[in-house]
Structure formats: C-alpha cells, structure tokens
Amino acid sequence: MRILIISRGNGFGHAKRDLLVAKELIQLNHDVTIASYSSGYQYLRMVYPGHLINLNLPAAGSSADRILKLLDLIRHTQPEGIVVDEELLVLPMAKSMGIPTCFITNWLEKETETLSFLEMADRIAIVDTPEHWMFPTPDSIQNKIQFVGPVVEVPEAAARKEKKIIITSGSPTIVDVPFFTKSIATLKGEQEYVKVVYSGTLTKSLKRYKDDSTHFVEEPSTFMDEVKTSSLVVCRGGHTTLWELASLGIPAIAIPRREEVNPYNVIYAKQMGERGYIRWLQEADMDTDLIASYASRILKGQDRLQTYAYDGVAVEHLVSCVLESFSLQNEEKPLCT
C-alpha cells in the first residue's frame with residue numbers, strides 16, 4: 001500500500017514513534033512517506049532514510065494555512081491509507097476522499113468539536129496503557145479505541161549510573177525560562193553531580209547561570225545517550241520522554257507547562273505519578289526548596305520509583321492497528337485503482 005504518515009511537528013515525541021511505525025511498515029513492503037514540520041521534521045531528516053516531506057508549517061499557526069498544505073499533500077501523494085499522528089484537520093479531508101485513517105494519540109477529550117473530528121477516524125490507537133488513564137473515553141468513539149501501549153525506542157540500560165543530572169525541555173521556548181532558571185539554581189547545591197542542561201535556542205540567554213558543574217547543550221541528538229547513564233532527570237513531562245525514562249529506570253521529576261500553555265502535560269504527569277514512575281509538581285508550585293527536597297530524596301535512594309518493563313511489542317500492536325484500520329474501509333468500499 002501507499003501509506004502516508006502525517007506527524008505532528010511539536011517536539012520530538014510524535015516523530016520518534018512515527019519513525020518506528022514507518023520502519024515497521026517498510027519491513028512489510030509498504031510504500032511509506034512521512035510528512036512533518038517544525039522540530040518534528042528537523043528530527044526526522046536526521047534519522048529517517050525514506051521519503052520525507054517538509055510541510056513548512058509553524059509548530060502552531062492558522063488553521064487556514066494548515067488546511068491548504070495538508071490538502072495539497074494528500075492530493076500530491078495519493079495515499080491508500082493515512083496514519084494521522086494528532087493532526088485532527090486531516091480526518092475530515094481523508095473521510096471526504098474515502099481514504100482510511102488510523103489516528104495515533106496519547107490524549108482524548110469530550111469537547112464537542114474535537115470529538116466530531118475523532119469520530120471520522122477508522123481507528124484510534126492510544127499509545128499508552130489503560131491503567132490510571134485520566135482522559136475521557138467518550139461513548140461515540142469507544143468502539144474505535146485500542147490501547148497499544150507506549151511506543152518508544154529504548155536503548156540498552158547502562159550498567160551503572162553516573163553522578164549526573166539532566167535538565168531538559170523538549171523544543172524549549174521563552175515560556176520555559178522560569179523552569180530552567182529555578183531548576184538550575186536549585187540543583188547547583190548538588191555540587192558532586194554534573195548538571196547537563198538541554199536548553200536548545202535558550203542556551204545563549206541561560207549561560208549566565210553557568211558554573212563548573214553545569215554544562216549547556218543546544219543540540220538534542222545526544223539526549224538519550226546522556227540520559228541512560230544519569231542519576232536523575234528534571235523535565236517538562238512530555239508523554240514520550242516520561243515513558244522513555246520509566247522504561248530505562250531513570251528517576252524523574254516532571255514540572256509540566258501551565259495548563260493554558262499545554263493542557264495535556266499536567267495530565268501526563270498525573271498519570272505517570274499515579275503509576276509510581278515519577279515525582280511531579282505544578283509549575284505554580286515550583287518552589288526551589290520543594291524541587292531540592294524531591295531531588296535529594298531520589299539521589300540518596302530514599303525515594304525509589306517504579307520501572308516500566310518495556311518489551312517493544314507496542315510497536316507491533318500499533319502497526320497491526322494501523323493495517324486493520326485500512327482493511328476495514330477497504331472491505332466495505334474497495335479503493336479505486
């Protein structure tokens with residue numbers, strides 16, 4: 001089949017899981033194209049060997065521009081099935097053209113307009129586990145939903161951890177400055193630990209907080225290599241990052257962005273906290289003493305977090321869900337040749 005994967009470009013999490021899906025589909029001899037934009041495209045162009053299209057969209061922008069570019073993309077590639085990673089606008093386009101879709105997501109909501117989009121998907125694959133799932137599962141899409149498990153690529157765990165703390169925010173923006181400044185100030189007290197700060201475009205402005213134990217990294221490609229040997233990660237709580245850390249057994253403190261900036265990150269943090277994989281606090285409660293207390297207890301071994309036994313089968317479950325969603329519509333209404 002000619003399969004198009006439309007990958008949301010905000011951060012690296014969508015791109016990482018879509019890359020795994022694409023590789024698996026290619027192994028099954030499907031003709032796969034990925035389309036993305038912003039930081040997602042920048043990540044994929046370094047690691048994806050197949051056909052990749054840059055949609056040249058901002059991480060957030062007007063719906064009108066997105067509609068035109070997405071419509072042109074579908075007309076140009078003429079896919080027989082579309083994997084839609086959280087790009088809701090694709091669903092009515094594909095529905096009107098008779099192209100089957102599998103919608104990949106790590107959130108759901110009951111808001112009327114969003115729900116009307118989700119109802120147009122043939123299948124909805126949730127890359128999470130149902131235990132402590134805190135998003136709604138509306139009745140109108142219940143029969144479309146399938147939990148496939150977290151889809152992440154986890155390197156082999158390091159034999160031992162180094163005295164190193166990672167401070168990170170996926171695709172850092174100006175709203176992350178207070179997170180970085182407070183985290184760096186708090187953890188300077190842990191002088192025996194090297195602090196590695198993944199600060200992206202904020203690196204230049206944050207370097208005034210530098211000391212001998214604090215190192216700034218602008219390029220994100222080394223992130224997992226540094227993480228797998230670290231003793232603690234302080235992060236913003238992106239869905240993929242939290243599952244990667246839980247699978248590696250690396251303790252984490254998540255400080256998600258405020259709800260008005262990202263309404264879902266707080267829920268991801270709550271879910272993972274309920275599962276015992278992380279400690280977390282609201283940005284409004286980002287007190288240096290509280291962060292220091294969490295960090296100290298974890299580093300001293302007084303607070304032991306759970307580890308997720310990741311076996312890699314979630315990718316296979318997701319690909320099966322994708323192909324099943326395409327076959328459903330094909331059986332009902334065969335695609336024209």
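The following exchange between a trainee and a mentor concerns a predicted model and takes up its helix packing, its sheet and its aromatic pairs.

Trainee: At roughly what angle do the axes of helix H1 and helix H9 cross?
Mentor: Helix H1 covers residues 13-27 and helix H9 covers residues 239-248, and their axes come within 8 Å. Since angles from 65 to 115 degrees count as roughly perpendicular, H1 and H9 are therefore placed in that class, roughly perpendicular to each other. The crossing angle itself is roughly 65°.

Trainee: Which residues make that contact, and how do they divide into nonpolar, polar and charged?
Mentor: On the side of H1 the contact is made by Gly13, Lys16 and Arg17, while H9 contributes His239, Thr240 and Glu244. Sorted by character, the residues of this contact of H1 with H9 come to no nonpolar, three polar and three charged.

Trainee: Is Thr240 buried or exposed?
Mentor: Thr240 is found in helix H9, and, leaving aside residues up to four places away in sequence, Thr240 touches Gly13, Lys16, Arg17 and Val152. Its relative accessible area is 8%, and the cut-off for burial is under 20%, so Thr240 is buried.

Trainee: How many residues of H9 are buried, and what do they pack against?
Mentor: H9 is mostly covered, and its buried residues include Leu242, Trp243, Leu245 and Leu248. Just after the helix comes Gly249, whose phi is positive, near 75°. The buried count is nine of the ten residues of H9, and they pack against H1, helix H8 (223-227), E11, E12 and H10.

Trainee: Which strands are the edge strands of the open sheet of six strands?
Mentor: The order of the sheet is E10-E9-E8-E11-E12-E13, with parallel pairing. Strand E12 (residues 252-254) pairs with E13 in the parallel sense over two bridges, and Ala254 has Trp280 of E13 as its bridge partner. An edge strand pairs on one side only, and the two for which this holds are E10 (214-217) and E13.

Trainee: Which strands does H11 touch where it packs on the sheet?
Mentor: Helix H6 (residues 177-187) lies across E8, E9, E10 and E11, running at about 165° to E8. H11 has a direction that makes about 160° with that of E12, and the strands it touches are E8, E11, E12 and E13.

Trainee: Is the aromatic pair of Tyr277 and Tyr308 stacked, tilted or edge-to-face?
Mentor: The ring centres of Tyr277 and Tyr308 lie 6.2 Å apart, and their planes make 75°. Tyr277 is in the loop between helix H10 (265-274) and strand E13 (279-280), whereas Tyr308 is in the loop between helix H11 (288-299) and helix H12 (313-332), so this pair ties together parts that are 31 residues apart in sequence. Because planes over 60 degrees apart fall in that class, the pair is edge-to-face.

Trainee: Why is the pair of Tyr308 and Tyr310 tilted?
Mentor: The rings of Tyr308 and Tyr310 have centres 6.4 Å apart, with planes at 45°. Stacked pairs need planes under 30 degrees apart and edge-to-face pairs over 60, so the pair of Tyr308 and Tyr310 is tilted.

Trainee: Which of the residues Tyr277 and Tyr310 is buried, and which is partly exposed?
Mentor: The relative accessibility of Tyr277 is 13%, and Tyr277 therefore counts as buried. Tyr310, with a relative accessible area of 21%, is partly exposed.

Note on methods. Residues numbered from 1 in each chain as written. Predicted model: local features only at pLDDT ≥ 70, side-chain atom pairs only at ≥ 80, totals over all residues. Heavy atoms only, no water. Axes fitted to C-alpha atoms, helices over the stretch in contact; angles between N-to-C directions. Helix = DSSP H or I, 4+ residues; strand = E, 2+ residues; numbered from the N terminus. Parallel < 35°, antiparallel > 145°, perpendicular 65-115°, else oblique. Contact = heavy atoms within 4.5 Å. Nonpolar A, V, L, I, M, F, W, Y, C, P; charged D, E, K, R; others polar. Phe/Tyr/Trp six-rings, centres within 6.5 Å; stacked < 30°, edge-to-face > 60°. Buried < 20%, exposed > 50% of the residue type's maximum accessible area, 1.4 Å probe, protein only. Pairing = 2+ DSSP bridges.
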